[in-house]
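Please go through the structure shown here. This report covers symmetry, interface, cavities and cysteines.

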There are 2 protein chains.
Amino acid sequence: MSEIGAAEPWAVRETGVPDDGELRQRESVFALANGHIGLRGNLDEPEICGMPGTYLNSLFEERDLSYPEEGYAFPKRTETIVDAPNAKPITLTVGGERFDVRTGTVTRHERVLDLRRGTLVREVEWTSPRGVRLSLRTERLVSFTRPSIAAVRYVARADAPLRAESDVRVNEEPPEQRDDPRASEIIPRPFEPVAHDRDALVHRTRRSKISVAAAVAHVGADGIVSSEPDLLRWTAEGHGELRFDKIVAYRWGGDEDVRESALRERDAAVAAGFDVLTDEQCRHLEAFWADADVEIDGDPEVQQAVRFGLFHVLQAGALSVPGPIPAKGLTGNGYDGHTLWDTEIYVLPVLTYTHPEYAERALRWRHHTLGHARDRARELGLAGAAFAWRTITGPECSGYWPAGTAGLHVNADIAGAVLRYHAATGDETFMREAGRELIDETARLWVSVSHLDADGVAHIVGVTGPDEYSALMDDNVYTNLMAQQNLRAAALDQHSLEIADRIAIPYDERHDVHDQSAGFTRLEEWTFPGDRFPLMLHHPYLNLYRRQVVKQADLVLAMLMRGDVFTPEQKRRNFAYYEARTVRDSSLSAPVQAVLAAETGHLSLAHAYLAEAALLDLRGGGESGGDGLHIAACAGAWMALVMGFGGLRDCGGRLSFAPRLAPGLSRLRFRMRWRRARLTVTVTPGEVTYAVRGDAATFGHEGTEVTVADGDSVTFPLTPVEDRPAPPSPRPPAPR
Amino acid sequence: MSEIGAAEPWAVRETGVPDDGELRQRESVFALANGHIGLRGNLDEPEICGMPGTYLNSLFEERDLSYPEEGYAFPKRTETIVDAPNAKPITLTVGGERFDVRTGTVTRHERVLDLRRGTLVREVEWTSPRGVRLSLRTERLVSFTRPSIAAVRYVARADAPLRAESDVRVNEEPPEQRDDPRASEIIPRPFEPVAHDRDALVHRTRRSKISVAAAVAHVGADGIVSSEPDLLRWTAEGHGELRFDKIVAYRWGGDEDVRESALRERDAAVAAGFDVLTDEQCRHLEAFWADADVEIDGDPEVQQAVRFGLFHVLQAGALSVPGPIPAKGLTGNGYDGHTLWDTEIYVLPVLTYTHPEYAERALRWRHHTLGHARDRARELGLAGAAFAWRTITGPECSGYWPAGTAGLHVNADIAGAVLRYHAATGDETFMREAGRELIDETARLWVSVSHLDADGVAHIVGVTGPDEYSALMDDNVYTNLMAQQNLRAAALDQHSLEIADRIAIPYDERHDVHDQSAGFTRLEEWTFPGDRFPLMLHHPYLNLYRRQVVKQADLVLAMLMRGDVFTPEQKRRNFAYYEARTVRDSSLSAPVQAVLAAETGHLSLAHAYLAEAALLDLRGGGESGGDGLHIAACAGAWMALVMGFGGLRDCGGRLSFAPRLAPGLSRLRFRMRWRRARLTVTVTPGEVTYAVRGDAATFGHEGTEVTVADGDSVTFPLTPVEDRPAPPSPRPPAPR
């Protein structure tokens with residue numbers, strides 16, 4: 001039994017030994033990554049493991065998809081994340097007894113994820129069954145500054161002979177998978193060996209033919225090395241103290257000689273030394289927090305969780321070259337390691353406004369997959385580009401098309417992320433090289449998939465919006481508004497602009513609310529008879545699709561992304577209507593419900609949803625978090641704070657704020673970048689201050705345009721907002 | 001190369017040796033069956049084979065279904081037809097040379113399916129490579145009067161030593177399957193051996209644990225028998241002539257000792273002898289044709305094809321006990337041997353009006369699956385019974401739910417078939433024991449799946465009608481009207497009747513036509529740009545679903561099944577509208593288009609669609625016919641004639657006629673049963689005569705109620721109908 005301790009502002013602390021029921025979730029919480037390499041937070045001793053997990057961005061294996069009943073253009077192959085060579089295992093023997101926290105007596109077991117240092121420290125005091133006392137300290141890092149490097153410092157002390165076996169293991173036996181459609185398929189023994197020696201193991205995936213080299217060095221103690229195709233083992237002995245640093249370098253894919261380059265990277269890291277690696281890590285995080293930190297006074301748990309989430313967004317998104325940001329980052333194998341639309345809509349806003357170079361690299365990765373997207377559009381009988389609903393390298397990997405291929409909105413989401421990035425940075429080089437083409441090709445898709453009816457109204461029919469409890473709907477408001485924005489930004493020709501202008505936006509006059517999709521508000525109501533969540537595990541799509549039950553923010557998300565086309569009164573009515581029908585069976589829901597709750601004056605509810613999003617992985621203990629963290633929810637906590645209470649909006653490329661605080665919150669401060677300026681926004685119950693440096697910044701405050709010069713600041717009294725009672729909901733916010 | 005010869009009224013004749021491209025289709029055409037045992041029309045020599053195929057009704061193996069992305073209530077297992085012990089192979093050696101029509105010289109090769117004798121006769125004149133002349137005649141039958149018996153008479157003559165090896169083979173190597181979603185999965189080696197001796201082989205399917213015994217006897221020549229687990233071989237020799245009868249008895253399933261009962265059946269058949277078997281067969285067919293024959297003067301090809309179709313409907317439906325009638329009958333393994341809604345809507349009308357005892361047994365089989373249907377309804381969160389979209393013994397086996405489980409209309413189709421059977425026969429025993437429960441339980445399903453909107457209109461939302469190029473639609477007219485009929489027949493309570501009365505029937509005022517489903521006529525038009533058919537093999541559902549393209553009669557089928565609720569003018573406009581959008585990618589389409597074409601005065605078009613339906617399998621050479629005949633299209637030819645040109649309707653249990661003939665047809669005569677009466681209806685260009693015997697009959701003629709006494713007849717002048725030009729169609733009727 002273990003627990004995550006009381007909220008600390010800059011650390012997450014676990015005390016006690018996690019038991020079998022806790023292991024998988026904690027391994028996700030304590031995962032370290034740098035956008036390229038991800039190490040789950042496994043203990044050093046490999047026997048005590050929920051799921052091993054060493055992931056290298058875009059290292060995947062191909063797998064055939066087969067269907068009970070085939071259909072044209074159903075994807076025939078998928079890509080699945082695989083476990084890379086695992087360099088975490090270190091087995092320790094103390095006086096002939098194997099160190100195992102499930103035996104003997106543990107008097108101290110603590111792990112600390114340090115959000116400013118960027119390392120995971122573990123400290124153990126253990127007495128062996130025969131009474132030998134061991135003191136162990138390990139510190140693990142995955143370097144933000146060296147994309148190929150991971151390292152651990154291992155220090156064991158005991159008044160007895162010590163012997164460590166430090167491994168790199170390949171093709172390990174996989175653990176049993178959960179029976180959940182969101183869990184990953186496991187490909188057993190994905191690698192064939194290519195070479196092995198005392199410095200490195202080289203392998204290649206059997207079918208996707210990706211080469212991987214893991215080079216390792218142990219520094220600080222003498223050891224002997226044995227090497228076989230799937231195992232490199234360094235063994236060292238000592239007495240009293242055994243102390244060493246293990247430096248691992250991974251190189252994979254590409255045309256290079258992976259072994260050579262891994263050795264080069266390893267040697268450079270060895271030459272620098274572990275202390276330099278941690279110094280670099282600290283400096284990198286200092287820079288990160290300077291632009292990304294969010295301070296929230298009045299809710300220490302949320303304060304900690306928001307930083308924890310931002311740290312994991314960084315770990316998932318810290319790309320040094322173009323690459324995907326998977327839904328689980330590199331913290332687990334959930335969703336097969338795929339990247340979905342959450343990246344553009346949930347993760348990229350944070351990165352765009354804090355570290356836009358990462359957003360750029362994620363969008364350049366999308367651009368790299370344009371060939372696949374064009375092929376897919378042709379296969380679907382459409383023009384332009386149809387980006388994959390889920391993928392690792394670009395091909396469509398969705399196996400259930402009504403909630404995959406039919407989610408065409410991903411294309412407008414990508415275009416929207418490009419527009420946001422461009423508005424925030426003014427990066428014309430990116431637009432010329434990638435952004436413009438992304439916008440134009442997705443716009444061509446919308447032209448080909450929409451049609452003008454006899455009344456001249458444009459429709460997009462038979463698609464699936466964000467809410468996956470509705471599918472193959474007509475005129476999904478979110479999709480149509482995002483497509484409209486996409487079409488207007490491309491401005492391909494008169495016809496395309498006409499479609500944008502005439503796009504159908506279904507509205508139910510009787511209830512005076514927008515229809516999420518045409519006819520939605522006329523569907524049968526869901527009765528919520530003692531429901532178990534998520535509903536999708538207990539009800540057939542047949543029943544979900546035909547009812548007014550919403551899995552996740554859809555129309556409410558439209559009101560965030562295209563807030564400019566809704567009146568405040570519409571937003572209030574729509575929010576109440578959809579809140580009463582939204583079960584939040586996706587982690588993508590709470591952040592957006594929080595933002596619109598704040599905008600519509602439900603401040604305490606916004607706070608509750610902020611907490612639901614922020615605490616989901618850190619303290620929620622949700623089973624699915626064991627497959628990896630919900631990176632979009634991590635980013636969503638930032639959205640809930642900055643867009644919710646900060647009131648940040650960026651519709652049409654115009655930056656604006658309308659801050660408000662929930663009762664009990666005494667201060668919110670966030671930093672962000674806008675063009676060449678850096679803004680610090682400080683909200684208190686009485687006022688808001690916008691401080692600017694680097695360049696002048698122009699933005700809106702409560703509908704008024706404000707320009708603040710470099711080094712200057714401006715303060716406004718806060719527009720008072722009365723906290724409105726929460727509208728009815730089928731599922732109250734998750735309790736703390 | 002071979003060909004099907006010119007049309008003969010009572011036979012189908014093939015001359016020449018079918019080549020590899022023809023084999024599979026011909027094996028279906030020449031298949032023999034009796035509702036229980038089906039033998040594909042393979043040559044005697046097993047090497048020359050498109051697909052072997054010996055099927056025993058409801059003999060299946062279980063198979064797991066897995067999905068790239070699982071969903072709640074997706075069926076986990078399916079049932080697949082398996083190849084039963086194959087008693088067809090007879091290998092002949094002539095003077096030491098193997099008889100093989102691919103070698104030597106064939107001077108004559110003819111096969112005749114005799115529709116009155118019920119046998120398949122093969123006659124061969126062959127000269128071996130070394131110049132020995134062989135004359136071979138075989139006659140094969142599957143006994144209608146003895147459900148367990150198949151037999152062949154084998155007569156070989158040559159001026160040389162003759163040696164025959166006559167086998168029963170089990171677990172044969174399967175042929176390669178076509179790459180088509182409608183083809184079957186093949187389960188290799190489905191049987192485990194249980195026992196073998198010189199009389200019989202006994203096996204059991206590995207997973208479904210169904211026992212099968214094949215007992216065999218050879219009569220008329222002495223032979224030696226060898227037996228091993230998967231092979232029973234009888235070897236005989238002769239000189240000049242080798243002549244024998246091979247009698248095979250199959251017993252399977254049930255609680256009985258299958259070996260014992262197979263031997264008993266075999267011995268009884270042996271005691272009767274081959275000549276008695278053929279006599280019984282002739283007498284049975286005489287009785288069949290007396291009630292079922294349709295005569296059509298002016299189109300000999302269609303005359304032959306309609307009888308061919310009726311013969312195969314009999315072969316598929318001649319159930320001696322309750323059992324399923326699969327979509328392919330027992331002529332092939334297409335659709336995995338499953339039974340679908342075609343049985344109730346296409347096959348049972350023919351049987352109901354000609355041999356109602358077979359219709360009764362098919363409906364009693366549905367009733368036997370009621371337990372599965374109730375379980376399925378509960379799994380779907382619905383009340384009453386949800387019958388399988390496709391199945392062998394009852395469980396839902398559909399692997400693509402939008403065109404499977406969502407096709408809830410199958411339940412109303414079953415209820416409709418019960419109502420038709422009851423109206424036609426007045427069989428109250430059946431209603432008490434099975435029919436009433438089928439109607440009530442399906443009505444409960446409709447109550448639970450429909451809902452009343454704020455205006456008091458009842459809706460059935462998110463279901464799939466007959467047209468599988470639309471899915472998850474709202475208020476499909478066919479579904480709603482069939483559900484209405486179902487609800488009214490059940491009359492469970494006031495609420496259920498209210499739903500029936502208030503059911504939505506979408507109508508497009510602008511085009512003045514019914515919407516196939518809500519909003520259908522507002523969808524984008526399909527442009528038919530040089531399309532290849534079937535569209536489903538060349539276009540994604542994403543494109544098909546969102547367009548006005550119709551796979552098969554849907555609204556048009558509603559106008560047949562519920563013709564009473566459409567005005568003649570609506571029928572004309574609807575027919576023209578949907579004809580222009582229907583591609584007939586299902587064989588279920590042409591028969592219904594034919595009937596409504598006739599009703600709306602498109603007489604030549606009706607004739608063309610009649611021919612398309614009738615000739616599909618016999619002369620169409622469609623690739624998919626190699627997996628088995630389209631039994632619904634076989635029955636559909638009868639529908640096209642009797643409902644089309646005969647104008648038979650039975651809406652609301654009232655029998656009526658409105659005959660008309662296409663130009664070029666000089667006479668149509670058909671027989672049918674109604675209550676205790678037998679009607680013979682003779683239509684000529686000038687008049688129609690209704691002759692009645694057995695009991696008086698009351699029916700409508702062109703809106704006038706007529707009663708004709710036993711032994712009497714009545715003649716009316718034919719109401720003149722001008723042949724209207726065919727409306728535009730994306731795909732003209734198949735050319736002859």
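Which of the residues of chain B comes closest to the rotation axis? Y67(B) does, with its C-alpha at 2.9 Å. This is a predicted model, in which local features need pLDDT of at least 70, side-chain atom pairs count only at pLDDT 80 or more, and totals for chains, interfaces and linings use all residues. Residues are numbered from 1 along each chain as its sequence is written, chains are lettered from A and ligands numbered from 1 in the order in which they are written, and side-chain values use heavy atoms, with hydrogens and water left out.

**Symmetry.** A turn of 180 degrees and a shift of 0.0 Å along the axis lay chain B on chain A, with an RMSD of 0.0 Å. The two copies are therefore related as by a two-fold rotation axis. The superposition is by least squares on the C-alpha atoms of residues with pLDDT of at least 70 in both copies.

**Interface.** Chain B puts 45 residues in contact with 45 residues of chain A. Contact means heavy atoms within 4.5 Å. Both copies use the same surface: 100% of the contact residues of chain B recur in chain A. The buried area is about 3700 Å², and carbon and sulfur atoms give 62% of that. Buried area is the accessible area (1.4 Å probe) that two parts lose on being put together, summed over both. E69(B), Y72(B) and L542(B) supply 19% of the area that chain B buries against chain A, more than any other three residues.

**Cavities.** A cavity is a set of points on a 1 Å grid over the protein atoms alone where a 1.4 Å probe fits but cannot get out. The count comes to 16 cavities of 30 Å³ or more. The largest cavity holds about 240 Å³ of space. Its lining has 28 residues (an atom within 4 Å of a point). F74(A), G399(A), Y400(A), W401(A) and Y400(B) are the closest to its centre. The lining divides into 20 nonpolar, 5 polar and 3 charged residues.

**Cysteines.** The structure holds 0 disulfides over all chains. A disulfide is a pair of cysteine sulfur atoms within 2.5 Å. Two cysteines are tabulated by relative accessible area, with buried under 20%, exposed over 50% and partly exposed in between (1.4 Å probe, protein chains only).

| Residue | Relative accessible area | Class |
|---|---|---|
| C634(A) | 6% | buried |
| C49(B) | 28% | partly exposed |

Methods. On a 1 Å grid over the protein atoms alone, a cavity is a set of points where a 1.4 Å probe fits but cannot get out, and a pocket is an open set with protein on both sides within 12 Å along at least five of seven lines; lining residues have an atom within 4 Å of a point. Grid points are joined across faces, edges and corners, and a volume is the space filled by probe spheres set on the points. Ala, Val, Leu, Ile, Met, Phe, Trp, Tyr, Cys and Pro count as nonpolar, Asp, Glu, Lys and Arg as charged, and the others, Gly among them, as polar.
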